[in-house]
Amino acid sequence: MPYIKVENGVMQEYNNDGLNTGPVASIGLNAYSYLERRAWSATGRGGTGPDNPDYVDDFPFLQSKGIKYLQVMVAPYASKDSTLPWGKVVGEPAFSGNLVSNLNINDSYWATVQTFLDSARSHNIGIIACPFWNIKAIPQLVGENNSALLQSDSKTRNYIRAFTAAFVARYKNHQGIAAWMAGQEITLKTGIDFNTAPAILKEIAEIIRAQDDLKRMISSGNAALTHVSPRQYTIDQYADIVLAMNPSPIDTLCENLFLKSEYFSTGESPADVLGTGMEANFTSCSLPYLKVMQKLAKESGKPYYVGSFGLTKPEEEALQDNTQHNLSTLLQNFYRTGVQLACHWVWNSGNIGDLDKWKVLVSDTHPSENKRAEVFAAITAVLDRSRTAPPDNVIDRKLNSTRFTRCATFKNAPNKSCLFTITPKTTLCPGTDFSISFTIKQDDQSVVTPGPLFRRFSGAANVDARGWVVYKTSANLYSQVFALDSLVNDSSKAGDDGRTNVAGKWTRITFTVNANSRIALYVNDFLMSYTYKSLQWSNVDGKLAIQVGRDSYSSSTVTWQLSDIILYDRVLTPQEVFDYGVTGQVVNAAGRWNLNGDLKDSINNNDGVSPGGTNVISFDSTL
């Protein structure tokens, strides 16, 4: 049976003889309910059957298909309101005050786990063992509420410590266990958040590490943050959260990733928003996100481990994905970013109603009971990594900087404009699909001073206006689009909580707009917020000038800088926005003003001109 140790930031696989057989490179399965479905019996098979196979039947099949790792719940899910509560299956603990005086663990429970692990080992399958799949079961067991999880001296926390120590001590040398999982998504509906979870996870992990003779890998089983728009954190703030949620001696960076996971996907689940939001999928954003995690893993010395991932059947249907394109793309993106192990959700989950849409089951003996066999086929098709290219290089993503050594400095003296205009020689971006990208740095006065930064519109708002504007308030930057007698869409409704409006730092901003006036805002390479689609908007004639800069909106001097303005006559993809931030790659742009010492357009010669009567724009070092 293989087990895993993390050595120098790499998951290494060891065999039954304790010999290192090389780095882990596999896709595993979440088969969490094997023991629950056989009613926690060492000998009986409970409610298992052809549509719900027992592990005795499953293991030979999975071994034959090359599956090495299964993530499994090794203690009961529930403590109350269940036919198999923790106290009945494991045992009712005794306490002296808040201290555990006797765990009273049933011999039958130990026998159940032992038989299961022995079977896994005999089929060369490694179990990633999680004793606290539902950590809320513990306060219920000991007669406390969920708030006890946050109290270090509570019965709940004392029981968690005592049970962890007993379980790991019993199986510290059992090679049926490939790795440990400190908890499963302990921040969901528990009152625990990313500020309080690390202390609990660290405590469990320290006990595991102290007891485990084989020093096997420990994961956190963390749930990724659920997507909201506007996003609560920048991608870089979120990377700090991922790091904090995996405290040492946890030796991986672990997340469970789904369509609603923040930054990993584009937005809301398509099955939920019926096409009005940014369509969520695994093809648009997963590679940029995983590249950031790859860099974080390299810097932290902890491999990135995907504890759970997958699509439901309704999500596949909403995406019209009948070829497993999303899943196959994601699996390739795992390999491209050095993800050594990821476990698909969910294999052979039994007859639990709310999991039916997730369930994958394939059997040689009862093929009529197969469910979503095409998903399993996509997974097993890529298990042989000898046929895949090595991972991409770790990205060198530089923040708070520009691509050029000089930039345009705008200084608005009191009550005076500072701007330049771009008057196209030929038609420039006349359509209703377009994107604008720029890098901006502001002083304190600029941050609090409102006004448009880019303007390309004609007429009067709510009368006959056409075109678009990028505007700033004292809180944020946003874009507006017009259609004659109305303001069709306004991205300030989506918000960005000031992350676009920062003093003293270079910030990369990209707005994309489509014909249905859906506006997306990207900050430092990643989608930050978006509006739902609305009515068609009306652009101006492609030869109308674009104004870059401010009229005076302040009685004080306002100083700000711009670098690398790029216009596209199409909607950029999330991948294209990311590629520019990482490599500077620009593909098929309609115009580009580097501002690296002049106002020239390096693509189509639509050079900028400073009109008379305005403050002069200077060109200064970007440092």
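Select Leu29 in strand β4 and His344 in strand β13: in this predicted model, His344 is the bridge partner of Leu29. Extend the selection to both strands, and 4 bridges appear between β4 and β13, paired in the parallel sense. Next, turn to the other neighbour of interest, strand β5 (residues 69–73), which pairs with β4 in the parallel sense over 2 bridges. Here the residue to pick is Asn30, whose bridge partner in β5 is Gln71.

Keep β4 selected and colour its residues by accessibility. How many of the residues of β4 are buried? The count is 5 of 5, and the strand is mostly covered. Ser26, Gly28 and Asn30 lie on one side, Ile27 and Leu29 on the other, and both faces are covered. In a regular strand, side chains alternate between the two faces of the sheet.

**The whole sheet**

Now display the strands that belong with β4. The open sheet has 8 strands, with parallel pairing, in the order β10-β9-β8-β5-β4-β13-β12-β11. Its edge strands are β10 (218–219) and β11 (253–257), each of which pairs on one side only. Within this order, select β8 (residues 126–130) and β9 (residues 177–181): the two run parallel and are joined by 3 bridges. For one specific pair, pick Ile128, whose bridge partner in β9 is Ala179.

**Helix α13**

Select residues 373–380, which form helix α13; Val375, Phe376, Ala378 and Ile379 are buried there. Look down the helix axis: the buried residues of α13 line one face of the helix, because they fall within an arc of 160 degrees. An α-helix has 3.6 residues a turn, so residues three or four places apart point the same way. Which elements are included in what covers the buried residues of α13? Among them are β4 (26–30) and β13 (341–344), together with the helices α2 (55–64), α11 (313–318) and α12 (325–336).

**A buried glutamate**

Move to helix α7 (residues 197–211) and select Glu203. Is Glu203 buried or exposed? Its relative accessibility is 16%, so Glu203 counts as buried, the cut-off being under 20%. Leaving aside residues up to four places away in sequence, Glu203 touches Ser152, Arg157 and Arg161. Showing these side chains together gives a view of the surroundings of Glu203.

**The largest pocket**

For the next stop, display the largest pocket, with a volume of about 1400 Å³. Its lining comprises 37 residues, and those nearest its centre are Glu185, Leu188, Trp345, Leu355 and Trp358. The elements giving two or more residues to this lining are α1 (34–37), α9 (270–273) and α11.

**Enclosed space**

The structure also holds 7 cavities of 30 Å³ or more. Rolling a probe the size of a water molecule over the atoms shows where empty space is left. About 60 Å³ of space lies in the largest cavity. To find it, select Tyr568, Arg570, Leu572, Glu576, Val577, Tyr580, Gln585, Val586 and Val587, which line the largest cavity. Helix α15 (residues 574–583) gives the most to that lining, with 3 residues.

**The full chain**

Finally, zoom out and colour the chain by domain. The assignment divides the protein chain into domain 1 (3–381) and domain 2 (407–620). The C-alpha centres of domain 1 and domain 2 lie 45 Å apart.

Note on methods: Residues are numbered from 1 along each chain as its sequence is written. This is a predicted model: local features need pLDDT of at least 70, side-chain atom pairs count only at pLDDT 80 or more; totals for chains, interfaces and linings use all residues. Side-chain values use heavy atoms; hydrogens and water are left out. Buried means under 20% relative accessible area, exposed over 50%, partly exposed in between (1.4 Å probe, protein chains only). The arc is that of the directions from the helix axis to the C-beta atoms. Contact means heavy atoms within 4.5 Å. Domain bounds come from an automatic or database domain assignment. Two strands pair if DSSP finds at least two bridges between them. On a 1 Å grid over the protein atoms alone, a cavity is a set of points where a 1.4 Å probe fits but cannot get out, and a pocket is an open set with protein on both sides within 12 Å along at least five of seven lines; lining residues have an atom within 4 Å of a point. Grid points are joined across faces, edges and corners, and a volume is the space filled by probe spheres set on the points.
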